[in-house]
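Me: Please take a close look at one strand of this model and its place in the sheet. After that, go on to the rest of the strands and to the ligand.

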Amino acid sequence: MSEPLFDTLAIIGPGLIGSSIMRAAREQGAVRTIVTCSRSPETRQRVTELGIADKVVETNAQAVEGADLVIVCVPVGVCGTVAEEIAPHLKEGAIVSDVGSVKGAIVRDMGPHLPGNVHFVPAHPVAGTEHSGPDAGFAELFDGRWCILTPPEGTDAQAVDRLAKFWRLLGANVEVMTPDHHDLVLAVTSHLPHLIAYTIVGTADELETVTRSEVLKFSAGGFRDFTRIAASDPTMWRDIFLANKEAVLEMLGRFNEDVSALTKAIRHGDGDALFEQFTRTRAIRRGVSS
Ligand code: NAP
């Protein structure tokens, strides 16, 4: 095992993502000490029982004191409040990061609270499951997945490099892009699919002529695979849509136009149009590894 990249890692919010970082960091020897804090006594108790941190403390302020790397792993909507809370307690020269699924809002909400003597490098590991909490985490979550870093303009390049090394050690591939570009890319690759999945489950449930048990029974026809992501955490997804409003609305507008075109083709029995569209999109989908 190589020398640890950081002395002390503080994880605020040891849920699915936070606890996976702790497990992977420990397994890889990426840090010497792991400190964590969760808002509820129940989660703190569970993390203590799991033994995945060296120290479980009661306040976010305590968690970041003396930490060289702080990763905020709470829902996007509360990252700003957490930044405000930890700001006065951060160690000079520390790297402060997050894992939020939206980046423009994180830069706007967290950035202004952080002191000038720390390095703010927002990040988004594009990895996850539909489960939540410290029991759902696992060390291999980031293996072969992308982690996108979105440092605001003027961020110290060495700090970006150090965080990139950390994520690579945890198994991820790293890419750097602007926060706004990240939000546009994720709007189409992640946010729109989740919105559609949540919608279809609702549509199916509200049908009067098809029962819920029939939907479950025959779900292998596409419903089950397609809607797995609709089992994801509602708080997290509410925050993502509120925080990435512009990009999601842009993608939804385009999507609605495309659905309208297909609706028209079905209504007019335009088999050529349908066949052409499905042939084109099948080829694109086959080019994306599973
Ligand atoms: P999670 O398993 O639900 O864990 C969330 C953590 O945040 C818990 O420790 C929870 O504390 C804490 N928390 C929740 N609400 C809070 C509040 N109002 N104030 C302070 N702390 C609060 O969530 P997760 O799936 O790890 O997601 C965490 C972050 O990762 C989100 O920003 C999400 O956008 C991002 N992300 C998620 C995925 C995914 O697939 N899940 C993928 C990539 C990125 P208690 O348990 O003590 O309440």
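Reply: What follows starts from strand β5 and works outwards to the sheet, the remaining strands, the ligand and one loop residue.

The model is a predicted one. Strand β5 covers residues 95-98. Ile95 and Ser97 point to one side of the strand, while Val96 and Asp98 point to the other. All four of these residues are buried. In a regular strand, side chains alternate between the two faces of the sheet.

On one side, β5 is joined to strand β4, residues 69-72, by four bridges, and the two strands run parallel. Within this pairing, Ile71 stands opposite Ser97, and Val72 has Asp98 as its bridge partner. The pairing also belongs to a β-α-β unit: β4, helix α4 (residues 79-86) and β5 form a right-handed one.

β5 is also joined to strand β6, residues 119-120, again in parallel, here by two bridges. In this pairing Ile95 stands opposite His119 of β6. Ile95 thus appears twice in the description of β5, once as a buried residue that points the same way as Ser97 and once as the residue opposite His119.

The wider setting is an open sheet of six strands in the order β3-β2-β1-β4-β5-β6, with parallel pairing. The edges are held by β3 (55-56) and β6, each of which has a single partner strand, so one side of each lacks a neighbour in the sheet. In that order β5 stands between β4 and β6. Strands of a sheet pair through backbone hydrogen bonds, either parallel or antiparallel.

Further pairings involve β7, β8 and β9. Strand β8 (residues 146-149) is joined to β7 by three bridges, and these two strands run antiparallel. Here the bridge partner of Ala123 is Leu149 in β8. β8 is also joined to strand β9 (residues 173-176), by four bridges and in parallel. Trp146 has Asn173 of β9 as its bridge partner. A right-handed β-α-β unit is made here by β8, helix α6 (residues 157-169) and β9.

Strand β7 also leads to the ligand. β7 (123-125) and helix α1 (16-28) each supply at least two residues of the shell around the ligand. The ligand is surrounded by 25 residues, and the closest are Ser38, Ser40, Thr43, Ser101 and Gly133. By type, the shell divides into twelve nonpolar residues, twelve polar and one charged.

Two of the closest residues, Thr43 and Ser101, also make side-chain contacts with ligand oxygen atoms. A polar side-chain atom of Thr43 lies 2.6 Å from an oxygen atom of the ligand. For Ser101, an N or O atom of the side chain is 2.7 Å from a ligand oxygen atom. Val74 contributes through its backbone instead, with an N or O atom 2.8 Å from an oxygen atom of the ligand. The ligand has 900 Å² of accessible area on its own, and the protein covers 84% of this.

One loop residue completes the picture. Asn244 lies in the loop between helices α10 (234-243) and α11 (245-267). Its relative accessible area is 4%, so Asn244 counts as buried. The side chain of Asn244 reaches the backbone oxygen of Asp183 at 3.0 Å.

Methods:
Residues are numbered from 1 along each chain as its sequence is written. This is a predicted model: local features need pLDDT of at least 70, side-chain atom pairs count only at pLDDT 80 or more; totals for chains, interfaces and linings use all residues. Side-chain values use heavy atoms; hydrogens and water are left out. A residue is near a molecule or strand if one of its heavy atoms lies within 4 Å of it. A polar contact is a pair of N or O atoms within 3.5 Å; within protein, one must be able to donate a hydrogen and the other to accept it, and residues adjacent in sequence count only if both atoms are side-chain atoms. Accessible areas come from the Shrake-Rupley method with a 1.4 Å probe; for residues, only the protein chains shown count as cover. Ala, Val, Leu, Ile, Met, Phe, Trp, Tyr, Cys and Pro count as nonpolar, Asp, Glu, Lys and Arg as charged, and the others, Gly among them, as polar. Buried means under 20% relative accessible area, exposed over 50%, partly exposed in between (1.4 Å probe, protein chains only). Two strands pair if DSSP finds at least two bridges between them. A crossover is right-handed if, with the strands pointing away from the viewer, the path from the first strand over the helix to the second runs clockwise.
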